[in-house]
Amino acid sequence: MDIQYIFMEQKEHLLCNWESHECKHPKIKGMNAAVRAVVRMGIYVGAKVYFIHEGYQGMVDGGDNIEEASWESVSSMLQVGGTVIGSARCKEFRSHEGRLKAAHQLVLRGITNLCVIGGDGSLTGANLFREEWSGLLEELVRQGLIDEEAAQNNSELHIVGMVGSIDNDFCGTDMTIGTDSALHRIIEVVDAIMTTAQSHQRTFVLEVMGRHCGYLALVSALACGADWVLIPEMPPEDGWEEHMCQKLSENRADKKRLNIIIVAEGAIDCHNKPITTNHIKELVVSCLGFDTRVTILGHVQRGGTPSAFDRILASRMGVEAVLALLEASDSTPACVVSLCGNQAVRLPLMECVQMTQDVQKSMDEKNFEEAVRLRGRSFENNLNTYKLLSYHKADSELPNSSFNVAVLNVGAPAAGMNAAVRSAVRVGIKEGHKMFAVNDGFEGFYKGQIKEITWGDVAGWTGQGGSILGTKRTLPAKHLDKIAEQIRIHNINALLVIGGFEAFECLLQLCEARTSHEDFCIPMCMLPATISNNVPGTDLSIGADTSLNAIVETCDRIKQSASGTKRRVFIIETMGGYCGYLASVGGLAAGADTVYIYEEPFDIRDLQSNVEHLTEKMKTGIQRGLVLRNENSNENFTTDFIYQLYSEEGKGVFDCRKNVLGHMQQGGAPSPFDRNFGTKIAAKAIQWISRKLKESYKDGKVFANTEDTACLLGMRRRTMAFQPVVQLKDETDFAHRIPKEQWWLKLHPLMKILAKYKTSYDVSDSGQLEPVTRVRPKKAD
């Protein structure tokens with residue numbers, strides 16, 4: 001059934017309300033993408049949508065602060081940081097009289113739905129407003145400010161929240177809008193500092209935001225391989241100063257020329273005493289005599305352009321918020337739209353707020369383990385991974401498993417591969433294994449390019465792009481005998497393969513060869529790493545986020561180049577083979593008008609319709625267009641063909657330019673997401689390998705030939721799952737090197753809706769209100 005028909009019956013008023021109590025001048029990157037999505041999705045379903053300027057203050061004051069939004073009013077705002085509709089603290093709204101004034105302003109305009117974007121203070125205020133709504137209407141009637149009919153017509157107020165906070169301090173969601181962009185700013189600074197620190201052999205102490213939550217400090221420490229991190233949720237024990245200085249000294253002795261210490265602004269010790277950057281600097285200088293500098297990032301973290309992740313997250317959340325409002329009834333509690341793994345979910349707003357407040361309560365009571373658990377699985381996983389990688393014990397203290405594990409990269413290079421290798425090597429060493437690095441994939445494997453790799457060998461790898469080990473597309477099928485011989489020579493007991501579709505094919509070939517070569521009867525694990533994101537068994541791949549950011553950044557610049565030249569359309573070709581992930585999701589993040597992908601066949605009539613759509617657009621105030629084409633979307637309708645067609649058909653209305661992005665999508669430093677994702681899944685993979693080695697070790701040797709000993713570790717909706725590669729064969733289109741089902745195709749109609757196309761939108765995957773999970777069973781791993 002066409003969703004337009006379902007929604008056209010529900011022509012309700014929506015209001016986009018923006019306010020945050022968390023800070024005086026909040027500038028959360030990605031919020032504008034959420035506003036744009038709410039406005040355009042609201043208009044698409046036939047609703048009347050309003051902006052409210054200056055947060056709750058604008059709602060109380062009314063007048064010009066409450067303004068009807070149009071389609072064009074939210075154009076050209078995706079790439080803008082902060083909030084274009086303003087934000088302000090409002091003491092008046094905290095009083096009953098202030099909320100009465102706000103209710104009057106809403107009733108005057110027939111507004112009965114609120115979409116509130118902010119922190120827990122803003123959302124708590126919205127929920128209180130909803131609870132008081134019927135009483136406020138009665139009071140307005142008694143005062144003669146509204147009549148009984150108006151009260152009856154506006155008897156219900158529905159509220160949906162979206163969380164905007166760079167601190168990622170709201171419980172119930174894995175990521176809040178703005179966090180990823182803040183991490184981008186932090187990592188940019190850290191990468192820049194590393195060059196000067198290495199030149200001068202310096203120690204840098206960096207303070208990042210997070211008065212009550214250490215998420216930014218923790219993840220940036222993982223993403224840059226920091227020597228030490230201090231966060232409110234993990235206060236160091238007495239004597240931490242000595243341990244920290246000992247580790248810094250050990251790293252210098254290992255010829256590491258720089259030290260990075262990251263401190264959350266709310267860091268405390270076990271006695272609740274604040275730990276300041278100046279205290280750490282004085283400590284390092286007095287104990288070690290190292291040249292030490294302090295950098296406080298401050299509001300740099302709030303500024304800049306939103307990342308691709310934040311734009312996509314905010315767009316998905318905005319659309320989900322509109323759907324939640326349209327489905328709300330008087331019995332539906334106020335909900336908040338959250339991200340769980342890779343899935344949008346709806347959770348009861350006040351349960352999430354209560355859990356967020358319980359975190360601080362637990363920290364005040366020094367119950368830090370409970371505070372970490374309440375923060376959620378994303379925070380907990382990051383903390384556990386950091387602990388795994390944080391400290392290298394003396395070799396004599398490490399366990400000795402007597403197992404040898406080889407790591408190699410296969411296929412095209414992808415940003416984040418090096419972070420995954422570093423994590424695998426260090427976790428493997430801490431597990432007691434001897435780690436081996438294979439250069440140039442399976443080509444290097446059969447040629448014997450295998451050597452032991454140590455803890456210090458992978459220092460500084462997290463921020464490096466490409467593949468330091470080297471990677472080739474060579475498949476093992478033609479070299480099985482030589483590869484088996486190298487496994488025997490080096491006594492390899494397990495394999496970790498990091499790569500794209502070729503890596504998947506390699507593992508399949510090695511599994512099939514187990515019947516003829518017993519040497520391949522060892523645990524094997526694959527981590528998906530490809531910018532194309534075309535590997536079956538996973539929603540996301542290492543490298544895809546970095547590539548998306550490169551595409552979005554380029555599209556922003558290209559669009560900006562047309563700001564002085566009106567009526568111009570840009571045709572941009574992206575990579576990805578037959579997989580349209582980069583084009584489709586990049587188009588959503590960049591605000592494209594049209595995207596051409598292989599998964600959605602198109603013909604000349606579609607091309608003509610797209611030209612007509614752009615012709616109509618040129619009649620409005622938005623006089624530029626952006627078209628993305630996946631490189632293999634159609635063998636006949638090439639980028640040149642589409643460019644020439646648009647140029648000819650648009651003659652006199654608009655002119656065209658084309659741009660093939662090429663290998664710039666593959667290069668550059670990894671994004672914070674790719675560094676963190678690669679680090680975490682590599683650590684998880686090595687722990688899985690350790691378990692399989694113990695299970696399959698019998699009579700003095702490893703023998704593993706069951707399906708579940710050759711797995712791909714991927715993210716499937718909400719969870720990370722180990723899936724036997726043999727079982728993934730049926731899910732794969734080998735001719736086009738893509739999975740048969742791809743989750744992101746559900747985002748493709750969303751891109752069309754936000755570009756003003758008449759299309760249907762599948763709501764079968766939209767979130768349902770779920771209870772907040774407080775207690776989770778402990779997992780074996």
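Which residues do ring pairs link into a cluster? In this predicted model, the cluster consists of Tyr56, Phe93, Phe129 and Trp133, linked by ring pairs.

The wider setting of that cluster is a search of the whole structure, which finds 16 aromatic pairs. A pair of aromatic rings is described by the distance of the centres and the angle of the planes. For Tyr56 and Phe93 the ring centres are 4.0 Å apart and the planes stand at 5°, and because planes under 30 degrees apart count as stacked, this pair is a stacked one. The contact links distant parts of the chain, since Tyr56 belongs to helix α3 (residues 55-61) whereas Phe93 sits in the loop between β3 (66-68) and α4 (96-109), 37 residues apart. Tyr56 has a relative accessible area of 0% and is therefore buried, and Phe93, at 4% relative accessibility, also counts as buried.

A further aromatic pair, formed by Phe403 and Tyr697, has an edge-to-face arrangement, with 5.4 Å from centre to centre and 80° between the planes. Phe403 lies in the loop between α14 (377-390) and β12 (404-410), while Tyr697 is in strand β22 (residues 697-698), so this pair ties together parts of the chain that are 294 residues apart in sequence. As for accessibility, Phe403 is buried, with a relative accessible area of 9%, whereas Tyr697, with a value of 39%, is partly exposed.

From the rings we can turn to strand β8. Six of the six residues of this strand (residues 259-264) are buried, so β8 is largely enclosed by the rest of the structure. The cover extends to both faces: Asn259, Ile261 and Val263 are buried on one side, and Ile260, Ile262 and Ala264 are buried on the other.

The strands that pair with β8 include β6 (residues 203-208), which does so in the parallel sense over six bridges, with Val205 standing opposite Ile261 of β8. Strand β7 (residues 228-230) also runs parallel to β8 and is joined to it by three bridges; here Trp228 stands opposite Ile261. Ile261 thus faces Val205 in one pairing and Trp228 in the other.

The connection between β7 and β8 can be followed as well, for these two strands and helix α9 (residues 240-253) make a right-handed β-α-β unit. One last contact involves a charged side chain and an aromatic ring: Arg252 lies over the face of Phe290, at 4.2 Å from the ring centre.

Key
Residues are numbered from 1 along each chain as its sequence is written. This is a predicted model: local features need pLDDT of at least 70, side-chain atom pairs count only at pLDDT 80 or more; totals for chains, interfaces and linings use all residues. Side-chain values use heavy atoms; hydrogens and water are left out. Buried means under 20% relative accessible area, exposed over 50%, partly exposed in between (1.4 Å probe, protein chains only). Helices (H or I, at least four residues) and strands (E, at least two) are DSSP runs, numbered from the N terminus. Two strands pair if DSSP finds at least two bridges between them. A crossover is right-handed if, with the strands pointing away from the viewer, the path from the first strand over the helix to the second runs clockwise. Rings of Phe, Tyr and Trp (its six-membered ring) pair if their centres lie within 6.5 Å; planes under 30 degrees apart count as stacked, over 60 as edge-to-face and the rest as tilted. A charge sits over a ring if NZ of Lys or CZ of Arg is within 6 Å of the ring centre and within 35 degrees of the ring normal.
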